[in-house]
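Trainee: Please take one strand of this model and go through its surroundings closely. I would like to see how it sits among its neighbours, and then what lies further out.

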Amino acid sequence: MTPYPTERTALFIDGANLYSAAKSLNADLDFSKLLEMYRSNGVLVRAHYYTAVIEGEEFSPIKPLVDWLAYNGFSVVTKPVKRFTDAQGHSRTKGNMDIEIAVDMLELAPHLDHMVLFSGDGDFRRAVQAVQTRGVRVTVVSTVKSQPPMIADELRRQADAFVELQDLLPEIGRARAT
């Protein structure tokens, strides 16, 4: 995964975006295999997982995953989902983690050689450019094999490398629950 085994690497996982990309490929991910893959190929400094959570619900489907990740080597960053009513009167939810990811990327840049961003969100293009000017290589993991593609063209062009998520599935995928 990384051509330089001594480089300091960090993972930045946009949970909602990665979930959507994996789902579009009809795949489930094994996060312990993902961690092991990066640990075995370099110096993994940090693995961040970002997701919004619905507070106040007795059971949240994301809670078991968030708990497992927190106990198994990930730095989990969460924030509550915001509920609002749109102009048509429909109830909507919002839980964007872009600012948290971008700030963490910039703060960690002086301590890293390589960042791996698991997201296809074009809003990250400028954050990727900013850490690149600080000497950090950036790999983006997402998919173009879904309809529509899950990665914004501007993000793919900005990255030093693009890794197709489907190509990683033999290493980090797991059998889908039925």
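Mentor: The account below begins with one strand, follows the chain on both sides of it, and then moves outward.

This is a predicted model, in which local features need pLDDT of at least 70 and side-chain atom pairs count only at pLDDT 80 or more, while totals for chains, interfaces and linings use all residues. Residues are numbered from 1 along each chain as its sequence is written, and side-chain values use heavy atoms, with hydrogens and water left out.

The part chosen is strand β8, residues 137-142. Helices (H or I, at least four residues) and strands (E, at least two) are DSSP runs, numbered from the N terminus. Five of the six residues of β8 are buried, so the strand is largely enclosed by the rest of the structure. Buried here means under 20% relative accessible area, exposed means over 50%, and partly exposed is in between, with a 1.4 Å probe and protein chains only.

V141 is a residue of β8. Its relative accessible area is 1%, so V141 counts as buried. Leaving out residues up to four places away in sequence, V141 touches Y38, V116, L117, F118, S119, V163, L165 and L168; contact means heavy atoms within 4.5 Å. Y50, by comparison, is 91 residues from V141 in sequence and 15 Å from it in space, C-alpha to C-alpha.

Now the pairing. Two strands pair if DSSP finds at least two bridges between them. Strand β7 (residues 114-118) and β8 run parallel and are joined by five bridges, with M115 opposite V138. Between these strands the chain passes through helix α5 (residues 125-132), in a β-α-β crossover that is right-handed. Right-handed means that, with the strands pointing away from the viewer, the path from the first strand over the helix to the second runs clockwise.

Strand β9 (residues 161-164) is also parallel to β8, through four bridges, and F162 in β9 is the bridge partner of V140. The crossover from β8 to β9 goes through helix α6 (residues 153-158) and is right-handed. The loop between β8 and α6 holds P148, and the peptide bond that joins Q147 and P148 is cis, with omega about 0°.

These strands belong to an open sheet of six, ordered β4-β3-β1-β7-β8-β9, with parallel pairing. Its edge strands are β4 (75-80) and β9, each pairing on one side only. From one strand to the next the twist averages 20°; angles run from 0 to 180 degrees between N-to-C directions, and axes are lines fitted to C-alpha atoms, for helices over the stretch in contact. Elsewhere in the sheet, seven bridges join strand β1 (residues 8-14) to strand β3 (residues 43-53), also parallel, and T9 stands opposite L44.

Two helices bring the account back to β8. Helix α2 (residues 31-40) packs on the sheet and touches β1, β3, β7 and β8, its direction making about 150° with that of β3. Helix α7 (residues 165-172) lies across β8 and β9 and runs at about 60° to β9.

The crossover helix α5 deserves its own paragraph. Buried residues in α5 are A127, V128, A130, V131 and Q132. The buried residues of α5 pack against α4, β7, β8 and α6. The axes of helix α4 (residues 98-108) and α5 come within 9 Å and cross at roughly 5°. These two helices are therefore roughly parallel to each other; angles under 35 degrees count as roughly parallel, over 145 as roughly antiparallel, 65 to 115 as roughly perpendicular and the rest as oblique. On the α4 side, A102, M105 and L106 meet A127, V128, A130 and V131 of α5. By class, this contact has seven nonpolar residues, no polar and no charged ones. Ala, Val, Leu, Ile, Met, Phe, Trp, Tyr, Cys and Pro count as nonpolar, Asp, Glu, Lys and Arg as charged, and the others, Gly among them, as polar.

Two further residues can be set beside the buried V141. A70 lies in helix α3 (residues 63-71) and, at 46% relative accessibility, counts as partly exposed. N26, in the loop between α1 (15-24) and β2 (28-29), counts as exposed at 56%. The phi of N26 is near 55°, a positive value in a residue other than glycine.
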